[in-house]
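Me: Please take me through this structure one feature at a time, giving the general idea before the particular case.

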Amino acid sequence: MRVVIVTESFPPDVNGVAHCALQTARHLAARGHEPLVIAPAVPAGDDTDAPCPVVRVPSLPLPGYPQVRVALPSRRVAAAIADHRADLVHLAGPFVLGVRGMAAATRLHLPAVAVYQTDLAGYARTYMGTGEGTAWRRLRAVHGAADRTLAPSTAALRDLEDHGVARVRLWPRGVDTERFRPDLRDDALRRTLAPGGEVLVGYVGRLAPEKHVELLAPVAALPGVRLVVVGDGPSAPALRTALPGAHFLGRRTGDDLARIFASLDVFAHTGPYETFCQTVQEAMAGGVPVIAPAAGGPLDLVDHGRTGLLVPPHDAGALRAAVALLAAAPALRREYGRAARAAVEGRTWTAVGDQLLDHYAEVLRDRTAVAA
């Protein structure tokens, strides 16, 4: 099967869309299929590690948010899909480039699967204070044209259906349980980050307004707790002021990131607009208890009172109280951490990739039935 993955972001970008698109391409290639990736061009991009050919489309940085690239109009999308003789088009987080991919698939009479990955309405609310209706109209247009929309969580699926998107199915995200694992806990790293034996509480993710990392300010002030922040983004300068005493480690990836996860005592996430939340799964794979907002993707991932704690979104006091509870209870942290690891052991990218192939097969079968 020849599949074209049209993605708004692809490595060396580091975010959920890029990661999921890469894992999708890897799984397709491993199963003997022929993927092709179409993605925005990035400065000093290097596709030598990609598991398949990559077509880069000219792009510009998003004004005010240069970490995000926006593709420019280009005929390369339709030409690449046609040249690949695609059987199916996979739209990874369609926003700009994905819309063009959907249009090309329609013109070429190809089935399309659209993956919902970003809460655009939440972003509009955060950055503009308005525009949610416009965001949902755009989402309905592209997802409504697709043969199937895949939602990463039950909350995202319900949101899509409530806003009039049809043909939605659940498809979660996988986690690399070989890379992220508890035995990578590093005592030397812990002594560096917490020389007084403090409880290490970590956040990993983009440092951007929609993540509301500033909610960790009361956590950073807790006695006996040391906050570690991993990531980069436009909010980094302000957060360094808002979170005095926190360790800012910048962007980390691969085995280095896995070692940091496993060395934490508690993982705390603050973003209320997560359609899934990959870092929660990675922390769980590292055997770390999780505290996260009771909203969106974390509702599927965190079993409250067993693998971690869910707190009301935007509630800094509740977040502080949850951290304080776990900081004072090492036995409970270990219990939650073991349960967290066990909960994700079956969620490998191989298992999730095979579920995706099942969705492809059903879409292709339905197309064939309609044509007959």
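**Strands and their partners**

Reply: A good place to begin is a single bridge between two strands: Val37 has Val54 in E3 as its bridge partner. Names such as E3 stand for DSSP runs, where a helix (H or I) has at least four residues and a strand (E) at least two, all numbered from the N terminus. The model is a predicted one, in which local features need pLDDT of at least 70 and side-chain atom pairs count only at pLDDT 80 or more, while totals for chains, interfaces and linings use all residues. Residues are numbered from 1 along each chain as its sequence is written, and side-chain values use heavy atoms, with hydrogens and water left out.

Me: How many bridges join E2 to E3?

Reply: In general, the strands of a sheet pair through backbone hydrogen bonds, either parallel or antiparallel, and two strands are taken as paired here if DSSP finds at least two bridges between them. E2 and E3 run parallel and are joined by four bridges. On the pairing of E2 (residues 34–40) with E1, there are five bridges, again in the parallel sense, and within it Val6 is matched with Ile38 of E2.

Me: In what order do the strands of the seven-stranded sheet lie?

Reply: This open sheet has the order E3-E2-E1-E6-E7-E8-E9, and its pairing is parallel. At the edges lie strand E3 (54–57) and E9, each of which pairs on one side only. From one neighbour to the next, the strands are turned by 20 degrees on average, direction ignored. Helix H1 (residues 16–30) packs on this sheet and touches E1, E2 and strand E6 (88–92), with a direction at about 170 degrees to that of E1. Such angles run from 0 to 180 degrees between N-to-C directions, the axes being lines fitted to C-alpha atoms, for helices over the stretch in contact.

Me: Why is strand E1 described as largely enclosed?

Reply: A residue is called buried under 20% relative accessible area, exposed over 50% and partly exposed in between, using a 1.4 Å probe and protein chains only. Strand E1 (residues 2–7) has five of its six residues buried, so the rest of the structure largely encloses this strand.

Me: Which strands make up the six-stranded sheet?

Reply: This open sheet runs in the order E12-E11-E10-E13-E14-E15, with parallel pairing. Its edge strands, each paired on one side only, are E12 (247–250) and E15 (308–311), and the twist from one strand to the next averages 20 degrees. Helix H10 (residues 254–263) packs on this sheet, touching E10 (199–204), E11 (225–230), E12 and E13, and its direction makes about 135 degrees with that of E10. Among the buried residues of H10 are Leu257, Ile260 and Phe261, and the buried residues of this helix pack against H7, E10, E11, E12, E13 and H11.

Me: How many aromatic pairs does the structure hold?

Reply: Rings of Phe, Tyr and Trp (its six-membered ring) pair if their centres lie within 6.5 Å, and planes under 30 degrees apart count as stacked, over 60 as edge-to-face and the rest as tilted. The structure holds three such pairs. In one of them, Phe180 and Phe261 meet edge-to-face, at 5.7 Å centre to centre and 75 degrees between the planes. Phe180 belongs to the loop between strand E9 (168–170) and helix H7 (187–193), and Phe261 to helix H10, so their pair ties together parts 81 residues apart in sequence. The rings of Phe261 and Phe267 also have centres 5.7 Å apart, but their planes stand at 55 degrees, so this pair is tilted. Phe180, Phe261 and Phe267 form one aromatic cluster; Phe180 is buried at 6% relative accessible area, and Phe261 at 0%.

Me: At what angle do the axes of H11 and H14 cross?

Reply: The axes of helix H11 (residues 278–285) and helix H14 (residues 330–344) come within 7 Å and cross at roughly 115 degrees. This makes the two helices roughly perpendicular, since angles under 35 degrees count as roughly parallel, over 145 as roughly antiparallel, 65 to 115 as roughly perpendicular and the rest as oblique. Contact, meaning heavy atoms within 4.5 Å, is made by Gln281, Met284 and Ala285 of H11 with Ala340, Arg341, Ala343 and Val344 of H14.

Me: Is Val280 buried or exposed?

Reply: Val280, which lies in helix H11, is buried, at 0% relative accessibility. Apart from neighbours within four places in sequence, Val280 is in contact with Phe267, His269, Val290, Leu301 and Val302.
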